[in-house]
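The exercises below are meant to be worked through with the sequence and the coordinates side by side. Each task is followed by a solution that proceeds step by step.

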Amino acid sequence: MPVEPSMNPRVIRNILFLLFALPGVAFASWVSRTPIIRDILHVSTAEMGIIIFGLAAGSLVGLLSAGNMISRIGGRAVILVSAILIVIGFVIVGLGTAFSLTSIVFAGLVIFGGGYGTAEVALNVEGSAVENQLQKTLLPAFHGSFSMGTLVGAIIGSGAAALHIPVVVHFGAMAIMIAAVTFYFYRFLPHDTGIEKEVSTQKVGSNLKAQLAVWKERRILLIGIIVLGMAFAEGSANDWLPLAMVDGYGVDSLTGSYMYGLFVAAMTIGRFTGGFILDKYGRVPVLKGSAVLAAIGIILVIWGQHYLMAGLGVVLWGFGASLGFPVGLSAAGDDPRGAAIRVGAVATIGYIAFLVGPPSLGFLGEHVGLLHALIVVLVGVIVAGLISGAAQPIGMKEKNQIKI
């Protein structure tokens with residue numbers, strides 16, 4: 001008897017590769033047009049930070065509400081809801097830019113962020129489920145697909161900027177594409193992934209006390225700090241790299257978009273090759289090496305003196321930041337008992353750092369310049385590298401000692 005597509009984990013895996021890419025396309029489309037949007041809105045760097053905070057605020061709401069939504073209606077339905085929010089938000093941002101209305105752009109980013117945050121949690125829940133079904137490490141590759149999406153979005157955004165395509169037309173076309181792809185493929189995902197069935201009061205995830213207790217686990221908190229530092233490095237580049245290159249090195253907005261494309265390309269390559277590297281060298285050495293690469297890259301971006309040297313730094317920064325987030329999620333799920341709670345906690349820390357942390361650089365950058373504001377990112381990466389030993393895979397004896 002043939003297997004229905006929605007029951008075949010390999011088909012689900014392939015669909016998830018595509019769906020993971022869509023938020024990346026949307027996010028990079030926004031980032032690639034930030035220089036021109038700032039100019040159209042006639043805002044300062046600090047004011048741009050406030051506007052970007054709309055995306056962070058919406059994403060935070062989405063992140064914190066996604067778990068409860070998934071437990072009630074399942075990951076598939078949440079993915080659909082998130083896509084609708086992203087599409088609506090994207091259109092509003094485009095319209096706000098067309099009419100040069102800062103408040104409308106901010107509101108659109110809040111809605112966009114809400115969809116983005118819920119999508120990332122729901123997609124990771126679906127991805128973890130497929131990993132367990134296929135007994136194969138897939139999260140780095142799924143996140144690589146997200147990076148591939150950001151690369152595509154950056155290329156499209158750079159092309160739109162070079163051709164002087166209005167932001168509202170660019171964003172409208174992206175919204176139609178995201179809606180069409182999601183509405184077609186989401187139906188092949190399983191109906192019940194993540195839904196909590198109240199079979200037993202001992203079931204992990206249905207117990208509020210268990211959900212709070214995970215935040216007291218030293219290992220999970222340290223892994224969260226690792227992910228925080230590396231996700232902050234990734235998010236800061238996503239939000240500020242084009243503007244940092246424009247303001248710090250005097251390049252035009254198109255070159256700033258190209259630099260961002262270099263970062264995304266390095267991230268994508270790092271994530272798709274990450275599985276092989278992790279299998280060969282192990283989790284902790286890879287995290288330490290990643291932190292070193294990212295630190296060197298950020299140093300070159302800040303003090304490279306020439307935009308070509310900074311471009312080399314951008315590549316190293318991208319390679320270094322590529323594996324921190326997915327490896328942290330894998331480490332959090334080492335113990336299958338309570339894995340969902342731990343992965344959810346670390347994912348929340350990561351996405352908060354990814355989305356909420358970078359806007360603060362706008363306020364700092366207003367006073368010291370965006371390049372020197374990146375010193376904060378450098379410190380976060382160094383701290384992540386120093387405590388990377390916390391991600392060491394736990395043995396059976398340690399697993400048995402963990403109580404939830």
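**Exercise 1.** Which residues does Ser322 touch, not counting residues up to four places away in sequence?

*Solution.* Bear in mind throughout that the model is a predicted one. Begin with the position of the residue: Ser322 lies in the loop between H13 and helix H14, the latter covering 324-332. Next, list its contacts beyond the sequence neighbours, which are Met267, Gly270 and Arg271. Finally, consider its accessibility: with a relative accessible area of 1%, Ser322 is buried, because the cut-off for that class is under 20%.

**Exercise 2.** Describe how helix H10 packs against helix H13, giving the angle, the distance, the handedness and the residues of the contact.

*Solution.* Two packed helices are described by the angle between their axes and the distance between the axes. For helix H10 (residues 253-272) and helix H13 (residues 307-321), the angle is about 30° and the axes are 7 Å apart. Angles under 35 degrees count as roughly parallel, so H10 is roughly parallel to H13. The handedness of the crossing of these two helices, H10 and H13, is right-handed. On the H10 side the contact is made by Met259, Leu262, Phe263, Ala266, Met267, Ile269, Gly270 and Arg271, while H13 contributes Tyr307, Gly311, Val314, Val315, Trp317, Gly318, Phe319 and Ala321. Sorted by character, the residues of this contact between H10 and H13 comprise 12 nonpolar, three polar and one charged.

**Exercise 3.** Find the salt bridges of the whole structure, and state for each partner whether it is buried or partly exposed.

*Solution.* Side chains of opposite charge can pair when their charged atoms come close. A search of the whole structure yields two salt bridges. Take the pair of Asp247 and Arg38, whose closest N and O atoms are 3.3 Å apart. This pair links distant parts of the chain, since Asp247 sits in helix H9 (residues 218-249) and Arg38 in helix H2 (residues 34-41), 209 residues apart. As for accessibility, Asp247 is partly exposed at a relative accessible area of 40%, whereas Arg38 is buried at 12%. Turn then to Arg271 and Glu234, where the closest N and O atoms are 2.9 Å apart. Because Arg271 belongs to helix H10 and Glu234 to helix H9, this salt bridge ties together parts that are 37 residues apart in sequence. Both partners count as buried, Arg271 at 1% relative accessibility and Glu234 at 3%.

**Exercise 4.** At what angle do helix H3 and helix H5 pack, and how do the residues of their contact divide?

*Solution.* Helix H3 (residues 45-73) and helix H5 (residues 102-134) pack at an angle of about 35°, and their axes are 6 Å apart. The crossing of H3 and H5 is right-handed. The residues of this contact of H3 with H5 divide into 17 nonpolar, 10 polar and no charged.

**Exercise 5.** Is Thr137 buried or exposed, and how far is Thr137 from Asp279 in sequence and in space?

*Solution.* Locate Thr137 in the loop between H5 and helix H6 (139-162). Its relative accessible area of 53% makes Thr137 exposed. Thr137 and Asp279 are 142 residues apart in sequence, and their C-alpha atoms are 9.8 Å apart in space.

Technical notes:
Residues numbered from 1 in each chain as written. Predicted model: local features only at pLDDT ≥ 70, side-chain atom pairs only at ≥ 80, totals over all residues. Heavy atoms only, no water. Axes fitted to C-alpha atoms, helices over the stretch in contact; angles between N-to-C directions. Helix = DSSP H or I, 4+ residues; strand = E, 2+ residues; numbered from the N terminus. Parallel < 35°, antiparallel > 145°, perpendicular 65-115°, else oblique. Left-handed = near helix turned anticlockwise from the far one by under 90°. Contact = heavy atoms within 4.5 Å. Nonpolar A, V, L, I, M, F, W, Y, C, P; charged D, E, K, R; others polar. Salt bridge = Lys/Arg side-chain N within 4 Å of Asp/Glu carboxyl O. Buried < 20%, exposed > 50% of the residue type's maximum accessible area, 1.4 Å probe, protein only.
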